[in-house]
Amino acid sequence: MIHSSPSCTDLFEPGLLRLEEAISKVLDQITPLSGSECISITDASHRVLARSIVSKINVPAHTNSAVDGYAIHHRDIPATDEKKTLTVIGEALAGKPCPEKLASGQAIRIMTGAILPTGSDTVLMQEHVKNIAANQILIDGKHRPGENIRLAGEDISQGETILSAGKLLLPADLGLIASIGQSEIAVKRKIHVGIVSTGNEILPQGTVHEPGKVYDSNRFSLIGALARLPVQVHDYGIIPDDPEQLKQVFLKAADHCDVVISSGGVSVGEADFAKIVLAELGNINFWKVAIKPGRPMAFGKIGDSIFFGLPGNPVAVMVTFYLFVLPALYRLAGTSENYHLATFAARTLEKLRKKPGRTEFQRGIMSRADNGQWQVRTTGKQGSGILKSMSLANCFIVLEHDRSHVAAGELVDVLPFACLP
Ligand code: AMP
Ligand code: MG
């Protein structure tokens with residue numbers, strides 16, 4: 001075989017960047033954006049907290065019952081093998097405290113969430129007592145002092161910092177903020193992300209299909225991948241392989257957006273004008289990263305805007321998005337989380353073809369084996385244009401740089417899609 005220049009099948013090719021090296025080169029260029037805004041917690045899912053939140057109250061505000069049952073004082077719990085009769089003198093409901101004060105030998109009927117009546121310190125579950133008359137219960141000695149109560153401030157205490165600036169807000173965080181009575185919070189401003197597809201052959205949906213053309217899928221995979229991030233998407237559509245048009249759109253997008261993501265046109269093909277235009281426009285590097293799929297990509301800056309020129313192949317776009325764009329967006333967003341893609345070990349059910357010299361992201365379906373351990377198989381054909389492999393998959397099978405063929409039964413790393421935003 002004659003090679004005029006390095007091809008995709010070359011291994012140990014000079015200038016090939018290792019994955020980890022490429023990721024750190026991206027992150028080195030990123031500093032968190034400034035700017036914040038005040039919004040309602042209803043709109044705050046997946047936004048980044050700009051100011052720490054301190055509680056002005058205790059949660060719960062009062063010591064209360066964790067179950068439906070009877071409030072008593074622990075002194076009335078009999079010895080383990082004895083029983084005792086108590087007189088029920090009142091009722092405490094959630095939101096309707098009992099005004100009575102408990103004395104020795106007495107109990108108060110209490111419901112979950114009701115404030116613990118004065119004089120009581122323990123709640124017996126109703127299933128653990130016997131009603132022997134209209135206002136009399138029989139209890140045994142199998143109880144611990146203080147059982148079934150929730151102490152004032154046991155969740156949040158007054159003056160406590162419940163969330164720190166930089167927290168990426170997930171469902172429980174929104175509930176936690178709501179639980180101290182707050183509804184407005186300061187979050188970092190959204191990152192403006194421009195997306196653009198390039199290629200003469202790329203067709204918009206709703207047009208008649210023509211020979212040699214493909215409908216644009218990349219913009220839509222990217223819009224989906226950006227959905228649960230603190231991002232405002234700006235869609236610049238499809239640009240043909242025309243240097244002048246590419247230049248105009250790249251400049252316009254870079255002017256409006258913090259980050260621009262293009263797909264296609266960055267390899268060494270005849271019509272890869274995006275590469276030529278980008279080389280003119282800004283401070284862009286063209287990388288061959290030792291990964292599969294997704295080797296050629298461009299990264300750098302046009303003006304102040306961060307630019308990612310992702311490969312055109314639909315699977316390669318998604319892989320490079322998760323590997324490079326996602327950590328960059330987390331860093332730009334100023335999250336305190338030390339972002340990393342979580343992988344787990346699973347046993348492969350089939351043999352996997354792999355050449356050493358690049359990190360591979362095969363598409364897998366992981367499941368629990370009968371013995372409870374995780375196992376994985378591929379989705380079948382693994383070409384970087386086979387987008388169905390992503391759709392069928394529930395994880396990436398991550399095969400390390402130096403690894404070669406994997407035999408069935410070996411352990412491999414899997415990265416569940418459920419761990420991706
Ligand atoms: P390129 O890197 O521009 O040579 O594109 C590589 C492959 O990906 C080609 O087969 C393109 O047709 C395909 N491709 C590029 N952009 C898109 C897109 N937006 N949607 C679907 N396929 C694409
Ligand atoms: Mg192209």
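A residue is called buried when its relative accessible area is under 20%, exposed when that area is over 50%, and partly exposed in between. The exercises below apply this to a predicted model.

**Exercise 1. Decide whether Asn 148 and His 46 count as buried, partly exposed or exposed, and find what is notable about their backbone.**

Solution. Begin with Asn 148, which is found in the loop between β10 (136-140) and β11 (149-150). Its relative accessibility is 23%, and because partly exposed covers the range between 20% and 50%, Asn 148 counts as partly exposed. Turn next to His 46, which sits in the loop between β2 (36-40) and β3. His 46 has a relative accessible area of 17%, and since this is under 20%, His 46 is buried. For the backbone, recall that most residues other than glycine have a negative phi. Asn 148, however, has a positive phi near 60 degrees, and His 46, which is not a glycine either, has a positive phi of about 60 degrees.

**Exercise 2. Locate the cis peptide bonds from Val 59 to Pro 60 and from Lys 292 to Pro 293.**

Solution. Most peptide bonds are trans. The bond from Val 59 to Pro 60 is cis, with omega near -5 degrees, and Pro 60 belongs to the loop between β3 and β4 (64-65). The bond from Lys 292 to Pro 293 is likewise cis, with omega near -5 degrees, and Pro 293 belongs to the loop between β20 (291-292) and β21 (296-302).

**Exercise 3. Work out which residues of helix α2 (residues 171-179) are buried and what covers them.**

Solution. The buried residues of α2 are Asp 173, Leu 174 and Ile 177. These residues span an arc of only 100 degrees around the axis, and therefore they lie on the same side of α2. On the other side of the helix, Pro 171 and Ala 172 are exposed. The cover over the buried residues includes β3 (53-54), β12 (161-163) and β13 (184-188). Just after α2, Gly 181 takes a positive phi of about 90 degrees.

**Exercise 4. Do the same for helix α3 (residues 218-226), and then look at Ser 221 within it.**

Solution. In α3 the buried residues are Asn 218, Arg 219, Ser 221, Leu 222, Ala 225 and Leu 226. Their arc around the axis is only 165 degrees, which puts them on the same side of α3. Among the elements that cover them are β14 (191-198), β17 (231-239), β18 (259-263), β22 (305-310) and α6. Ser 221, which lies in this helix, has a relative accessible area of 15% and is therefore buried. When neighbours within four places in sequence are left aside, Ser 221 is in contact with Met 318 and Leu 387.

**Exercise 5. Find where the largest nonpolar core lies with respect to the domains.**

Solution. The domain assignment gives domain 1 (19-33 + 190-332), domain 2 (36-59 + 162-188), domain 3 (64-150) and domain 4 (344-419). The largest nonpolar core has 48 residues, and those with the most contacts inside it are Ile 261, Phe 308, Phe 321, Phe 324, Leu 329 and Phe 396. Helix α6 (residues 314-332) provides the largest share of this core, with 14 residues. Domain 1 and domain 4 both give residues to this core, so it lies between them. Leaving aside neighbours within four places in sequence, Phe 321 has contacts that include Leu 222, Ala 225, Leu 226 and Ile 261. A second, separate core of 19 residues includes Val 196, Leu 281, Ala 298 and Phe 307.

**Exercise 6. Identify the residues closest to ligand 1 and the distances between their polar atoms and the ligand.**

Solution. Ligand 1 is surrounded by 15 residues, of which the closest are Glu 201, Asp 216, Ser 217, Gly 265 and Gly 312. From the side chain of Glu 201, an N or O atom is 2.5 Å from an oxygen atom of the ligand. From the side chain of Asp 216, an N or O atom is 2.7 Å from a nitrogen atom of the ligand. In Gly 312 a backbone N or O atom is involved, and it lies 3.2 Å from a nitrogen atom of ligand 1.

How values were computed: Residues are numbered from 1 along each chain as its sequence is written. Chains are lettered from A and ligands numbered from 1 in the order in which they are written. This is a predicted model: local features need pLDDT of at least 70, side-chain atom pairs count only at pLDDT 80 or more; totals for chains, interfaces and linings use all residues. Side-chain values use heavy atoms; hydrogens and water are left out. Buried means under 20% relative accessible area, exposed over 50%, partly exposed in between (1.4 Å probe, protein chains only). Helices (H or I, at least four residues) and strands (E, at least two) are DSSP runs, numbered from the N terminus. The arc is that of the directions from the helix axis to the C-beta atoms. Contact means heavy atoms within 4.5 Å. Domain bounds come from an automatic or database domain assignment. A nonpolar core is a set of buried Ala, Val, Leu, Ile, Met, Phe, Trp, Tyr and Cys residues joined through side-chain atoms within 4.5 Å. A residue is near a molecule or strand if one of its heavy atoms lies within 4 Å of it. A polar contact is a pair of N or O atoms within 3.5 Å; within protein, one must be able to donate a hydrogen and the other to accept it, and residues adjacent in sequence count only if both atoms are side-chain atoms.
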